[in-house]
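Dear colleague,

I am handing over the structure below, and after it you will find what I noted while going through it. Please keep the structure open beside the text as you read.

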Amino acid sequence: MDDLRVPTVQVETDIQCLDGTVLHGTCYLPVLSALQTGPMLPQEWINGPSSFFPFRSGEGGSTVLVNKRQVLSLSVASPSREDERSWDSAALVRHVLVEAGSERFEGEIVIDMPENQRRLVDHLNRPEAFLLVQSGHRQHLIQKDRISRVAEIRET
């Protein structure tokens, strides 16, 4: 059965569930991406078609299957500089505050879309289920269905 295994990389993850449970542990992302060279990025993985994913708890080491629809947010370390993919110089970066349930996430959203779809609302209305917010050394993937408000923070 080993020939049926999918090669993965382990990613340390914090998951905030809709019921308030917080999980700390490891998710497993495929080694290869269908969209670019190298391993699958967390935003590609979480926005994929599967409903459940395996998660290994850091405390007890047990593995559970988590339903993506019950995830408010999933947070991972940002890629290191050498792993980070460079954004198109034409991409826009917006500093935002995202409110989802009782949680607030402040950070940056990169809008890499055609010229006529570069508003924040256009980016939020894309079909992906999770929104990527970059906050310092962490990336937060927030379920869009649970977002109540997004405010752009203007630099003064």
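A good place to begin is Asp122, which lies in helix 2, the element that covers residues 120-124. Please bear in mind throughout that this is a predicted model. Is Asp122 buried or exposed? With a relative accessible area of 17%, Asp122 is buried, because buried means a value under 20%. Its side chain makes a polar contact with the side chain of Arg119, at 2.8 Å. If the neighbours within four places in sequence are left aside, Asp122 is in contact with Met113, Asn116 and Gln117.

Stepping back to the whole chain, the protein has 2 helices and 10 strands, and from the N terminus on these elements follow the order β-β-α-β-β-β-β-β-α-β-β-β. Of its 156 residues, 35% count as buried, while the accessible surface comes to about 9,900 Å², with 51% of that area belonging to carbon and sulfur atoms. When contacts between residues at least 6 apart in sequence are considered, 51% of them join residues that are at least 24 apart.

The interior comes next. In soluble globular proteins, nonpolar side chains tend to be buried together. In this model, the largest nonpolar core has 16 residues, and those with the most contacts inside it are Ile15, Cys27, Trp45, Ile46, Phe53, Val71 and Leu74. Which elements supply at least two residues each to this core? They are strand 1 (8-17), strand 2 (22-30), helix 1 (42-46), strand 3 (52-57) and strand 5 (71-77). There is also a second, separate core of 13 residues, which includes Val96, Ile111, Val133 and Ile142.

Cys27 deserves a look of its own in the viewer. Leaving aside its neighbours within four places in sequence, Cys27 is in contact with ten residues that you can pick out one by one: Val9, Gln10, Val11, Thr13, Ile15, Trp45, Phe53, Pro54, Phe55 and Leu74.

Val9, which is among those contacts of Cys27, also appears at the surface, where Val9, Val31 and Leu32 make a nonpolar patch of about 240 Å². Val31 is found in the loop between strand 2 and helix 1, and its relative accessibility of 30% makes it partly exposed, because that class lies between the 20% limit for buried and the 50% limit for exposed.

With best wishes

Definitions and conventions: Residues numbered from 1 in each chain as written. Predicted model: local features only at pLDDT ≥ 70, side-chain atom pairs only at ≥ 80, totals over all residues. Heavy atoms only, no water. Core = buried A, V, L, I, M, F, W, Y, C linked by side-chain atoms within 4.5 Å. Buried < 20%, exposed > 50% of the residue type's maximum accessible area, 1.4 Å probe, protein only. Helix = DSSP H or I, 4+ residues; strand = E, 2+ residues; numbered from the N terminus. Contact = heavy atoms within 4.5 Å. Patch = residues over 30% accessible without salt bridge, like charges linked within 9 Å, V, L, I, M, F, W, Y side chains within 5 Å. Areas by Shrake-Rupley, 256 points an atom, 1.4 Å probe, with all protein chains shown as cover. Salt bridge = Lys/Arg side-chain N within 4 Å of Asp/Glu carboxyl O. Polar contact = N/O pair within 3.5 Å; in protein donor to acceptor, adjacent residues only side chain to side chain.
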